[in-house]
Amino acid sequence: MAHERRFNAAMAGKLENPERLQWLPPAEVVTALSVKPGEVIANIGAGTGYFALPIARAASPGGKVYAVDAQAEMLSLLQAKLSNGSADKIELIRAEADATGLPGASCDLVFMANVWHEFDDRVAVVKEAQRILRAGGRIGILDWRPDVEPEYGPPLEHRLAPGDAVEVLRASGAAQISSRDVGKYSWLVIGTMPRNPV
């Protein structure tokens, strides 16, 4: 599923740019996702752990993060950041978003950060999220706004409006769908999923 929209792992240094903390504050996103201690979260497109690490902290004690990414290079960079204290809270999974290999009904939250615009089949990705979510679980989708100058991130023609995510979630049966802008360049859509399909 490699194509021109997928983030190039060779540019992973951009993900570590300290300025990113200003224009996409992880704490704002983690708060919006309502992560609670003890929850199990699948972070799809985890990259170098920009969100996986703070989400794991928010889910402690007792929580766990599955850091899912299709690129081994990204997971290697994240692995290098894991200390003894976080290694047991974050499990690295190399997989595509529409075939995570995670057990069914195993997660309270599926969170996708800056990868929605990369997917060829967004319906299949949401179906997989539904499969791994427990009844009443949440799905959060964060991506780049198409209505701001692309100082960072992908070109405008690759970006999708939040309405695209809302539409796919609604069609999948999600309820309580909310949409908001976060940081300077991003949107976040959150929905509560129905009971998992049999």
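**Exercise 1. Find which residue of E2 is the bridge partner of Ile44, then place the two strands of this pair in the sheet.**

*Step 1.* The bridge partner of Ile44 in E2 is Val68, where strands (E, at least two residues) and helices (H or I, at least four) are DSSP runs numbered from the N terminus. This is a predicted model, in which local features need pLDDT of at least 70 and side-chain atom pairs count only at pLDDT 80 or more, while totals for chains, interfaces and linings use all residues. Residues are numbered from 1 along each chain as its sequence is written, and side-chain values use heavy atoms, with hydrogens and water left out.

*Step 2.* Val40 has Lys64 as its bridge partner in E2, and five bridges in total join E1 (residues 40-44) to E2 (residues 64-69), the two strands running parallel. Two strands count as paired if DSSP finds at least two bridges between them.

*Step 3.* E2 also pairs with E3 in the parallel sense, over five bridges, and here Val65 has Ile90 as its partner in E3.

*Step 4.* The whole sheet is open, with seven strands in the order E3-E2-E1-E4-E5-E7-E6 and mixed pairing. Because E3 (90-94) and E6 (175-182) stand at the edges with a single partner strand each, one side of each is left without a neighbour in the sheet.

**Exercise 2. Explain why E2 is described as largely enclosed by the rest of the structure, and describe what connects E1 to E2.**

*Step 1.* Five of the six residues of E2 are buried (under 20% relative accessible area, with a 1.4 Å probe and protein chains only), so E2 is largely enclosed by the rest of the structure.

*Step 2.* Helix H3 (residues 52-58) forms a right-handed β-α-β unit together with E1 and E2; right-handed means that, with the strands pointing away from the viewer, the path from the first strand over the helix to the second runs clockwise.

**Exercise 3. Which residues touch the most other members of the largest nonpolar core, and which element gives the most to this core?**

*Step 1.* A nonpolar core is a set of buried Ala, Val, Leu, Ile, Met, Phe, Trp, Tyr and Cys residues joined through side-chain atoms within 4.5 Å. Of the 32 residues in the largest one, Leu33, Phe51, Ile55, Phe111 and Leu142 touch the most other members.

*Step 2.* Helix H3 gives the most to this core, with four residues.

*Step 3.* A second, separate core of 31 residues includes Val68 and Met112.

Definitions and conventions. Buried means under 20% relative accessible area, exposed over 50%, partly exposed in between (1.4 Å probe, protein chains only).
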